[in-house]
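Trainee: I should like to request a close look at one part of this model. Please examine the pairing between the helices and then set that pairing in the context of the whole chain.

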Amino acid sequence: MVFKSLKKLNYQYEVTTGLYMLESWEKYIVNGVVCASFALVAYTAINHLPLQGTGLFHQVASYVA
């Protein structure tokens with residue numbers, strides 16, 4: 001059951017992005033770029049958003065006080 005739903009999600013991903021018409025080695029390259037981009041966005045969010053959030057909090061607190 002889980003395998004069937006994962007297979008359906010993969011099919012939807014390939015049809016939505018147009019990967020279904022690529023060869024397997026081209027799919028690996030495109031998926032690698034997508035995974036690398038997602039990893040960089042996650043890394044940036046984890047490392048930089050807490051600093052931005054605390055700075056925003058201090059700025060709002062100074063306006064309120």
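**The helix pairing and its setting**

Mentor: The accessible surface of the chain comes to about 6,000 Å², and carbon and sulfur atoms account for 72% of that area. The model is a predicted one. Its chain contains two helices and zero strands. The radius of gyration is 20 Å, well over the 11 Å that the globule rule gives for 65 residues, so the chain is more spread out than a compact globule. Along the principal axes, the C-alpha atoms fill a box of roughly 60 × 30 × 15 Å. Buried residues make up 6% of the 65 residues.

The part you ask about is a salt bridge, and a search of the whole structure finds one such contact. Its partners are E14 and K27, whose closest N and O atoms are 3.4 Å apart. The pair links distant parts of the chain, with E14 in helix α1 and K27 in helix α2, 13 residues apart. In general terms, side chains of opposite charge can pair when their charged atoms come close. Both E14 and K27 are buried. That burial may be read against the covering of α1, a helix that is hardly covered: among its 16 residues, the count of buried residues is one.

The two helices that carry these partners may be taken in turn. Helix α1 covers residues 2–17. From its first C-alpha to its last it reaches 23 Å, close to the 22 Å expected at 1.5 Å a residue. V2 lies in this helix. With a relative accessibility of 59%, V2 counts as exposed, because the cut-off for that class is over 50%. V2 and V30 are 28 residues apart in sequence, and their C-alpha atoms are 25 Å apart in space.

Just after α1, G18 takes a positive phi of about 85°. Y20 is placed in the loop between α1 and α2. Y20 counts as exposed because its relative accessibility is 52%. Together with Y11, V15 and M21, Y20 forms a nonpolar patch on the surface, and the accessible area of these four residues is about 490 Å².

Helix α2 covers residues 24–64. At 1.5 Å a residue, its 41 residues should span 60 Å, and the distance of 57 Å between its end C-alpha atoms agrees with that expectation. There is nevertheless a bend of about 40° in α2 at H48, and a proline, P50, follows within four residues.

To return to your request, the contact between E14 and K27 joins helix α1 to helix α2, both of its residues are buried, and the chain around them is more spread out than a compact globule.

Conventions: Residues numbered from 1 in each chain as written. Predicted model: local features only at pLDDT ≥ 70, side-chain atom pairs only at ≥ 80, totals over all residues. Heavy atoms only, no water. Patch = residues over 30% accessible without salt bridge, like charges linked within 9 Å, V, L, I, M, F, W, Y side chains within 5 Å. Areas by Shrake-Rupley, 256 points an atom, 1.4 Å probe, with all protein chains shown as cover. Salt bridge = Lys/Arg side-chain N within 4 Å of Asp/Glu carboxyl O. Buried < 20%, exposed > 50% of the residue type's maximum accessible area, 1.4 Å probe, protein only. Expected span 1.5 Å × (residues − 1). Bend = angle between axes of the 7 residues up to and from the residue. Rg over C-alpha atoms; globule rule 2.2 N^0.38 Å.
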